[in-house]
Amino acid sequence: MLPLILFYSFATVLVAAGLGVILSRNPVHSALSLVLCFFTSAVLWLLIEAEFLAIVLALVYVGAVMVLFLFVIMMLDIDLEELRRGFTRYAWLGALTAALVVLEVAGVVLTRKLGIDVTRGAAPLPEGYSNTRELGALLYGVYAYPLEIAAMLLLVAIVAAIALTLRHRQGLKVQNISRQVGARASERVRLVKMDAEDRK
Amino acid sequence: MITLGHMLTLSAILFALSVAGIFLNRKNVLLLLMCIELLMLSANFNFVAFARYLGRLDGQIFVFFVLTVAAAESAIGLAIIVVLFRERRSINVEQLDRLKG
């Protein structure tokens, strides 16, 4: 009974936060609602015993991606009024699409032709079961190559983000590392042989 | 007991919310990106739920990769938004007509 109460309370918070994301006037409030969404989702994933992903969601999303979002929102000087104009113009279309999506998913779930009983709970996990250990065994075993591709993708994303936002300003004093490293003593210092001069 | 149906229904509601959000906030690129994040979260919900209720962990591995791709996507998307704002002083989607598309 307790898991169900927890599920319903956190699901309510999640849906309310989702509404906050799409309806709030200020993008900062939207981003903070999205943070709440991710946190409650992490809790719900904990409830169905996906512990590793719950922690990853909280750390990676709340800790990194949403902070990035907040930084960008606060750095840009956005004219909110202009962006809000005509907000409800296509609201009916949005509501219609949302209702259609819910109906479609409900249809799939309720027709019971998936071969899966959706009203059944999950089988209890054996004692001493570690979600992280099992995921690690899969990730570094069966899915080792996809993992490497994912790592490569992140590297490409880093390079792309830096290359996109890099800006060369004129007249800026910068170091030229290759010239610094390539400097020779013979080019910098000239040794001159001469006789000592008398002090007058 | 939390059933598969509970999780699927919740994820469908979340998905519908984010689709509606894309319609409502169609002028603001930042909010469009956020709605897409929410959309991927609801898809991840399905993966996690099926992984748990079918007793196979591969779904959770897939969520891991989806998280990776989503992080890369939002990083590049935000970089594009920053460059866009520098160029046009605005992130209104309606004004992005330079490609004449």
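A helix, as the word is used here, is a DSSP run of H or I with at least four residues, numbered from the N terminus. The exercises below apply this definition and others to a predicted model.

**Exercise 1. Determine in which helix R84(A) lies, and decide whether R84(A) is buried, partly exposed or exposed.**

Solution.
Step 1. R84(A) belongs to helix α4 of chain A.
Step 2. A residue is buried if 20 or more other C-beta atoms lie within 10 Å of its own, and exposed if 12 or fewer do.
Step 3. R84(A) has 15 other C-beta atoms within 10 Å, and therefore R84(A) is partly exposed.
Step 4. A separation in sequence may also be set beside one in space: R84(A) and N26(A) are 58 residues apart in sequence, and their C-alpha atoms are 9.6 Å apart.

**Exercise 2. State how many helices and strands chain A has and chain B has, then set the radius of gyration of chain A and of chain B beside that of a compact globule.**

Solution.
Step 1. Chain A contains 9 helices and 0 strands, whereas chain B contains 3 helices and 0 strands.
Step 2. For 200 residues, a compact globule would have a radius of gyration near 16 Å, but the value for chain A is 29 Å.
Step 3. For 101 residues, the corresponding value would be near 13 Å, but chain B has 17 Å.
Step 4. Along the principal axes, the C-alpha atoms of chain A fill a box of roughly 105 × 55 × 30 Å; those of chain B fill one of roughly 50 × 25 × 20 Å.
Step 5. Buried residues make up 19% of chain A and 54% of chain B.

**Exercise 3. For α1(B) and α7(A), compare the span with the expected one, and find how many residues are buried in α1(B) and in α7(A).**

Solution.
Step 1. The expected span is 1.5 Å times one less than the number of residues in the helix.
Step 2. α1(B) has 21 residues, so a span of 30 Å is expected, and its end C-alpha atoms are indeed 30 Å apart.
Step 3. α7(A) has 22 residues and reaches 32 Å from its first C-alpha to its last, close to the expected 32 Å.
Step 4. In α1(B), 17 of the 21 residues are buried, so this helix is largely enclosed by the rest of the structure.
Step 5. α7(A) is hardly covered, since 1 of its 22 residues is buried.

**Exercise 4. Describe the side of chain A that touches chain B: how many residues are in contact, which element gives the most, and how do the residues divide by type?**

Solution.
Step 1. The contact involves 70 residues of chain A and 61 residues of chain B.
Step 2. Elements that give two or more residues to this side of chain A include α1 (2–23), α2 (27–47) and α3 (51–75) of chain A.
Step 3. α5(A) gives the most, with 11 residues.
Step 4. By type, the residues on this side of chain A are 57 nonpolar, 8 polar and 5 charged.

**Exercise 5. Identify which residues touch the most other members of the largest nonpolar core, and which element gives the most to this core.**

Solution.
Step 1. The largest nonpolar core has 70 residues, of which L53(A) and V48(B) touch the most other members.
Step 2. At least two residues each come from α1, α2 and α3 of chain A and from α1 (4–24), α2 (29–53) and α3 (58–88) of chain B.
Step 3. The most come from α2(B), with 14 residues.
Step 4. Beyond its neighbours within four places in sequence, V48(B) contacts residues among them W45(A), I48(A), L53(A) and V63(B).

Conventions:
Residues are numbered from 1 along each chain as its sequence is written. Chains are lettered from A and ligands numbered from 1 in the order in which they are written. This is a predicted model: local features need pLDDT of at least 70, side-chain atom pairs count only at pLDDT 80 or more; totals for chains, interfaces and linings use all residues. Two residues are in contact if their C-beta atoms, placed from the backbone, lie within 7 Å. Ala, Val, Leu, Ile, Met, Phe, Trp, Tyr, Cys and Pro count as nonpolar, Asp, Glu, Lys and Arg as charged, and the others, Gly among them, as polar. A nonpolar core is a set of buried Ala, Val, Leu, Ile, Met, Phe, Trp, Tyr and Cys residues joined through C-beta atoms within 7 Å. The radius of gyration is taken over C-alpha atoms; the globule rule is 2.2 Å times the number of residues to the power 0.38.
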